[in-house]
There are 2 protein chains.
Amino acid sequence: MTRKSLIETIKKKQSLLCVGLDTDINKIPEFLIQEYDNPVLEFNKRIIKATADVAVAFKINTAFYESQGETGWKNLIATIDSIPEDVFIIADAKRADIGNTSKMYAKAFFEKMNADAITVAPYMGSDSVEPFFEYKNKWIILLALTSNKGSLDFQYLPVDKNGTKLYEKVLKTSSQWGNINNTMYVVGATHPEDFLSIRKIVPDHFILVPGIGAQGGDLELVLKNGLNSDFGLLINSSRGIIYASSDRDFDIAAKNKALELTNKIRNIVKF
Amino acid sequence: MTRKSLIETIKKKQSLLCVGLDTDINKIPEFLIQEYDNPVLEFNKRIIKATADVAVAFKINTAFYESQGETGWKNLIATIDSIPEDVFIIADAKRADIGNTSKMYAKAFFEKMNADAITVAPYMGSDSVEPFFEYKNKWIILLALTSNKGSLDFQYLPVDKNGTKLYEKVLKTSSQWGNINNTMYVVGATHPEDFLSIRKIVPDHFILVPGIGAQGGDLELVLKNGLNSDFGLLINSSRGIIYASSDRDFDIAAKNKALELTNKIRNIVKF
């Protein structure tokens with residue numbers, strides 16, 4: 001998907017919502033497991049159908065599928081196939097390796113699957129990212145400042161005399177590798193105050209924001225500090241939406257939660 | 001596999017060799033593709049059979065399997081299943097995510113597959129790594145100083161007044177998360193001089209060393225600077241061994257290349 005199409009979708013749906021499909025077979029409604037041969041796929045299809053009118057993106061966390069072995073990988077592919085064309089698809093895979101290997105990851109997620117974007121870890125540097133850029137209208141979403149406690153271990157380390165932090169250096173350096181049409185960043189909602197310095201470094205890039213909901217991020221401050229003239233934010237919620245209910249109407253409950261979050265966004269953002 | 005068993009295997013086989021199964025369907029012998037329903041698995045099984053008596057470890061690069069979609073994932077599992085019990089199995093997956101997600105990756109590689117170790121990226125910090133430690137006799141192999149050109153982008157950045165480099169900080173900090181029985185490090189053979197400072201920080205840890213062969217690393221200097229009293233090194237070669245020939249005797253050619261590298265190691269290391 002192009003940047004232009006993404007922005008149009010945001011305007012049309014009046015939403016910045018990304019729904020995270022972190023589908024754990026131990027957390028989905030019991031009746032699906034009893035009544036369906038493939039309860040995970042059934043769950044995903046219903047969540048997708050129920051939320052696609054307010055979701056501008058779906059983020060599929062590959063770990064949850066890999067943990068189910070071969071069936072899981074099959075479900076990962078089938079889930080991506082069942083997402084409507086106007087929704088931006090993120091393979092949340094956190095990959096990256098030496099060039100000839102990253103090329104294989106690009107093939108896995110951009111050819112074998114039709115993901116629009118893949119999340120990528122920055123530690124291995126430029127040549128671990130470049131193979132992804134060979135695909136037109138595909139994106140990398142590079143980890144900058146993650147939402148977890150462990151983000152404090154290395155990402156805030158000062159890397160020069162001016163006190164530039166590692167995540168700021170990652171932003172500065174990597175923004176030269178690609179451009180605003182093929183690169184986004186991950187910045188956790190648990191660091192809302194840092195969006196100010198981040199926007200000084202990457203004013204125009206889109207930022208994927210996890211950490212709202214279960215992880216306790218501050219939505220209002222993220223929007224205040226992070227929005228740009230093209231919106232520039234995708235706000236992810238996973239567990240808070242998809243596990244809203246374990247009853248038969250779990251999809252309606254998910255839709256309501258998705259709408260609730262979208263309305264919070266609509267109260268602040270002018271679409 | 002325990003550290004003790006690994007060291008015993010090293011002594012028994014008189015080898016530090018890790019054979020990398022970066023199996024690319026476009027690079028395996030043509031006759032396999034013509035004659036076998038599953039040429040990749042056939043290739044792997046023959047390579048494993050031919051080299052298992054000198055290999056103390058096999059490293060399976062997950063990207064090459066993921067790039068083949070569902071069949072690839074199936075082959076990844078079947079390949080691991082076909083490795084003899086006395087060989088250390090590394091899932092070269094470069095994963096890591098927030099805690100609840102890393103838990104799923106641990107399940108994928110330590111339960112659904114019987115890997116002994118998984119390579120892990122350090123950027124997301126402690127809680128992205130901890131879930132892997134819940135499995136007894138399983139290992140993480142954390143990226144410290146990688147073999148590629150992009151290792152120069154961030155890994156050498158100074159992170160304090162004393163000029164400690166980021167990869168040194170990663171070693172220092174992460175060596176407190178686990179211990180020498182569940183943590184190894186990746187250090188590329190393309191940085192042989194850095195093994196000296198690395199051994200000051202992690203004298204007792206095992207180090208997985210990629211970058212010999214196709215990437216041009218310096219074996220002799222790596223051994224000189226990196227060995228410790230428990231050997232402490234696994235020397236990986238992938239392309240240089242498995243693609244030694246595209247003829248019918250590719251497995252014999254691979255065996256010879258594996259032996260050639262092992263003999264180079266035996267000339268320097270006292271087992």
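Reader: Where do I start, and how many helices and strands does chain A have?

Author: Start by counting elements: chain A has 12 helices and eight strands. Keep in mind that this is a predicted model.

Reader: What does the radius of gyration of chain A tell me?

Author: It can be set beside the value for a compact globule. With 271 residues, such a globule would have a radius of gyration near 18 Å, and chain A agrees because its own value is 18 Å. Along the principal axes, the C-alpha atoms of chain A fill a box of roughly 60 × 45 × 35 Å. Of its 271 residues, 56% count as buried.

Reader: Which residues touch the most other members of the largest nonpolar core?

Author: First, the general idea: nonpolar side chains in soluble globular proteins tend to be buried together. In this model, the largest nonpolar core holds 184 residues, and Phe58(A) and Phe58(B) touch the most other members. Try finding Phe58(B): beyond its neighbours within four places in sequence, its contacts include Cys18(B), Leu21(B), Ile48(B), Val87(B) and Ile90(B).

Reader: How should I read the side chains of a strand, such as β4 of chain B?

Author: In a regular strand, side chains alternate between the two faces of the sheet. In β4 (residues 117-120) of chain B, Ala117(B) and Thr119(B) point one way, while Ile118(B) and Val120(B) point the other way. All four are buried. Now look at the partner strand: β3 (residues 88-95) of chain B runs parallel to β4(B), and three bridges join them. One pairing to look for is Arg95(B) with Val120(B).

Reader: How is chain A related to chain B?

Author: Picture laying one copy on the other. A turn of 180 degrees, with a shift of 0.0 Å along the axis, puts chain A on chain B with an RMSD of 0.0 Å. The two copies are therefore related as by a two-fold rotation axis. Within chain A, the residue whose C-alpha comes closest to that axis is Val159(A), at 2.4 Å.

Reader: How many residues does each chain bring to the contact?

Author: Chain A brings 46 residues and chain B brings 46 residues. On the chain A side, α6(A) gives the most, with seven residues. That side divides into 20 nonpolar, 14 polar and 12 charged residues.

Reader: Why can we say that the copies meet through the same surface?

Author: Compare the interface residues of the two chains: 100% of those in chain A are also interface residues in chain B, so the copies meet through the same surface.

Methods:
Residues numbered from 1 in each chain as written. Chains lettered and ligands numbered in written order. Predicted model: local features only at pLDDT ≥ 70, side-chain atom pairs only at ≥ 80, totals over all residues. Core = buried A, V, L, I, M, F, W, Y, C linked by C-beta atoms within 7 Å. Buried ≥ 20, exposed ≤ 12 C-beta atoms within 10 Å, placed from the backbone. Contact = placed C-beta atoms within 7 Å. Helix = DSSP H or I, 4+ residues; strand = E, 2+ residues; numbered from the N terminus. Nonpolar A, V, L, I, M, F, W, Y, C, P; charged D, E, K, R; others polar. Rg over C-alpha atoms; globule rule 2.2 N^0.38 Å. Least-squares fit on C-alpha atoms with pLDDT ≥ 70 in both. Pairing = 2+ DSSP bridges.
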